[in-house]
Amino acid sequence: PKRINLDSLVGKIGKVKLTIPKNGIGLIEISLEGKSKTLKAKAKEPIEPLLQVKIISFENSIAIVEIV
């Protein structure tokens with residue numbers, strides 16, 4: 001499998017798969033080339049599953065997201 005350039009994912013919209021707790025790590029799912037991809041994610045506030053989020057940056061390969 002080819003390695004994904006994380007910077008190319010900044011700005012992408014995904015949805016929360018596993019709750020992102022405050023100061024913790026959850027999971028988001030994005031669509032990449034027609035396939036579903038799961039990424040670890042952090043946010044400034046807790047975010048519930050199924051809410052849409054936007055990737056604003058990456059920190060140690062963990063997506064930093066905010067609610068859309």
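The following legends describe close-up views of a predicted model.

**View 1. Lining of the second largest pocket.**
The second largest pocket encloses about 170 Å³ of space. Its lining is formed by Asn 23, Gly 24, Lys 42, Ala 43, Lys 44, Glu 45, Ile 56, Ile 64, Val 65, Glu 66 and Ile 67. Strand β5, residues 62-67, provides the largest share of this lining, with 4 residues. Sorted by class, the lining residues comprise 5 nonpolar, 2 polar and 4 charged.

**View 2. The largest nonpolar core and the surroundings of Ile 55.**
The largest nonpolar core consists of 15 residues, and Ile 20, Ile 28, Ile 55 and Val 65 have the most contacts inside it. At least two residues of this core come from each of the strands β2 (26-32), β3 (35-42), β4 (52-59) and β5. When neighbours within four places in sequence are set aside, Ile 55 contacts Leu 9, Val 10, Gly 11 and Lys 12 as well as Ile 28, Ile 30 and Leu 39. The list of contacts for Ile 55 is completed by Ala 63, Ile 64 and Val 65.

**View 3. Ala 41 and its contacts.**
Ala 41 belongs to strand β3. Its relative accessible area is 0%, so Ala 41 is classed as buried. Apart from neighbours within four places in sequence, the residues in contact with Ala 41 are Ile 20, Gly 24, Ile 25, Gly 26, Ile 28, Ile 62, Ala 63 and Val 65. The C-alpha atoms of Ala 41 and Glu 66 lie 9.9 Å apart in space, with a separation of 25 residues in sequence.

**View 4. Salt bridge between Lys 17 and Glu 29.**
The model contains 2 salt bridges. In one of them, between Lys 17 and Glu 29, the closest N and O atoms are 3.4 Å apart. This pair connects distant parts of the chain, with Lys 17 in strand β1 (residues 13-18) and Glu 29 in strand β2, 12 residues apart. Lys 17 has a relative accessibility of 46% and is therefore partly exposed. Glu 29 is likewise counted as partly exposed because its relative accessible area is 24%.

**View 5. Salt bridge between Glu 59 and Lys 42.**
Glu 59 and Lys 42 form a salt bridge in which the closest N and O atoms are separated by 3.0 Å. Because Glu 59 is located in strand β4 and Lys 42 in strand β3, the pair ties together parts that lie 17 residues apart in sequence. With a relative accessible area of 41%, Glu 59 is partly exposed. Lys 42 is also partly exposed, at 27% relative accessibility. Lys 42 is, in addition, among the residues that line the second largest pocket.

**View 6. Positive phi angles at Asn 23 and Glu 33.**
Most residues other than glycine have a negative phi. Asn 23, which is not a glycine, nevertheless has a positive phi of about 60°. Asn 23 is situated in the loop between β1 and β2. The relative accessible area of Asn 23 is 75%, so this residue counts as exposed. Asn 23 also appears in the lining of the second largest pocket. Glu 33 is another residue other than glycine with a positive phi, near 50°. Glu 33 lies in the loop between β2 and β3. Glu 33 is classed as exposed because its relative accessible area is 65%.

Conventions:
Residues numbered from 1 in each chain as written. Predicted model: local features only at pLDDT ≥ 70, side-chain atom pairs only at ≥ 80, totals over all residues. Heavy atoms only, no water. 1 Å grid on protein atoms, 1.4 Å probe; cavity = no way out; pocket = protein on both sides within 12 Å on 5 of 7 lines; lining within 4 Å. Points joined across faces, edges and corners; volume = space filled by probe spheres on them. Nonpolar A, V, L, I, M, F, W, Y, C, P; charged D, E, K, R; others polar. Core = buried A, V, L, I, M, F, W, Y, C linked by side-chain atoms within 4.5 Å. Buried < 20%, exposed > 50% of the residue type's maximum accessible area, 1.4 Å probe, protein only. Contact = heavy atoms within 4.5 Å. Salt bridge = Lys/Arg side-chain N within 4 Å of Asp/Glu carboxyl O.
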